[in-house]
Structure formats: structure tokens, C-alpha cells
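Subject: Structure handover

Hello,

Here is the structure you will be working with. Please look through it once, then read the notes below.

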Amino acid sequence: MSGTKQPLTMDEVITGLGDLRAIADSKGKGVCQAAVDILFALSEEGAKTVEDAMDILHDYRLQAKENASLHSKHAVAGKPFLKDGVWHCPDCNRRVPPNHSFCHRCGKKLRWK
């Protein structure tokens with residue numbers, strides 16, 4: 001072998017943390033167990049290596065960001081504003097008919113009261 005180290009598998013990391021837990025003091029036991037639980041959950045999701053786990057976490061962060069964006073657009077109502085005698089969407093600034101629940105252009109939830 002050329003001296004390059006193979007990346008650790010999730011099973012090796014979990015086993016290593018289990019070994020550390022066996023010799024850790026009372027504070028370390030909870031920390032090691034929490035780490036084992038997290039890594040085990042990631043391995044159950046298909047992570048075989050640390051890089052796989054990082055990819056899953058990265059995808060989770062992107063999904064959470066997208067979910068927050070969708071929530072703010074479709075679940076959190078915005079108040080239309082009156083400009084030049086016409087009501088406009090607070091998100092996309094397009095015209096909206098009075099008393100409609102959503103902007104027909106961008107889908108923003110509207111609050112009229």
C-alpha cells in the first residue's frame with residue numbers, strides 16, 4: 001500500500017465510539033452515547049462512510065432551507081398593499097384581486113385584515 005489511509009466506515013466510527021464509551025468517565029458516557037445514536041441513525045439512512053454522512057447532512061440543510069422558504073411564502077400570510085388604487089402582492093408586487101386568499105402569480109398567502 002502507498003501509505004494513503006482509507007476513510008473510516010460508519011461502522012468503524014460507531015465501534016470506536018463504543019470502545020471510548022467503555023473507558024469514559026460519567027460525563028463522557030452521555031456524549032459518546034449521543035454520538036453513537038446520531039451516527040447509527042445516519043448509517044440507517046444509508047451512510048456507509050463519513051463522507052456519505054456529510055452528504056446526508058448537507059442535503060438535509062438544503063431541504064430545511066427550501067422548506068422554510070415554502071413555509072414563509074405559502075403558510076405565512078402577507079398583507080397586500082394599495083398602490084395607485086390597485087392592490088399588490090407583498091411578495092412579487094403584482095396586482096391581486098381584492099379578498100383573494102393567494103396571489104395568482106407567485107402563490108403568496110394573502111391576509112386582508
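Two residues are in contact when they have heavy atoms within 4.5 Å of each other. The model is a predicted one, in which local features need pLDDT of at least 70, side-chain atom pairs count only at pLDDT 80 or more, and totals for chains, interfaces and linings use all residues. Residues are numbered from 1 along each chain as its sequence is written, and side-chain values use heavy atoms, with hydrogens and water left out.

Confidence comes before the details. pLDDT is the predictor's confidence in each residue, from 0 to 100. The protein averages 86, and 89% of the residues score at least 70. Helices (DSSP runs of H or I, at least four residues) and strands (runs of E, at least two) are numbered from the N terminus. Of these elements, strand 2 has the highest mean pLDDT, 97, and helix 1 (residues 10-23) the lowest, 77. Where pLDDT is low, the predicted coordinates should not be read in detail.

Next, the interior. A nonpolar core is a set of buried Ala, Val, Leu, Ile, Met, Phe, Trp, Tyr and Cys residues joined through side-chain atoms within 4.5 Å. Buried means under 20% relative accessible area, exposed over 50%, and partly exposed in between (1.4 Å probe, protein chains only). The largest core has nine residues, among them Met10, Leu42, Ala47 and Ala53. Helix 1 and helix 2 (26-44) each supply at least two residues of this core, and helix 1 gives the most, with four. Beyond its neighbours within four places in sequence, Ala47 is in contact with Met10, Leu42, Asp52, Ala53 and Ile56. A second, separate core of six residues includes Cys89, Val96, Leu110 and Trp112.

Is Ile56, in helix 3 (residues 50-74), buried or partly exposed? Ile56 counts as partly exposed because its relative accessibility is 26%. Outside its neighbours within four places in sequence, Ile56 is in contact with Leu42, Glu45 and Ala47.

Last, Lys108, which is found in the segment after strand 2 (86-88). Lys108 is buried yet has no salt bridge, that is, a side-chain nitrogen of Lys or Arg within 4 Å of a carboxyl oxygen of Asp or Glu. The nearest side chain of opposite charge, Asp91, is 4.7 Å away. What does the side chain of Lys108 reach at 2.7 Å? One partner is the backbone oxygen of Ser72; the backbone oxygen of Val76 also lies 2.7 Å from a polar atom of this side chain.

Regards

Methods: Lys and Arg count as positive and Asp and Glu as negative; His and the chain ends are not counted. A polar contact is a pair of N or O atoms within 3.5 Å; within protein, one must be able to donate a hydrogen and the other to accept it, and residues adjacent in sequence count only if both atoms are side-chain atoms.
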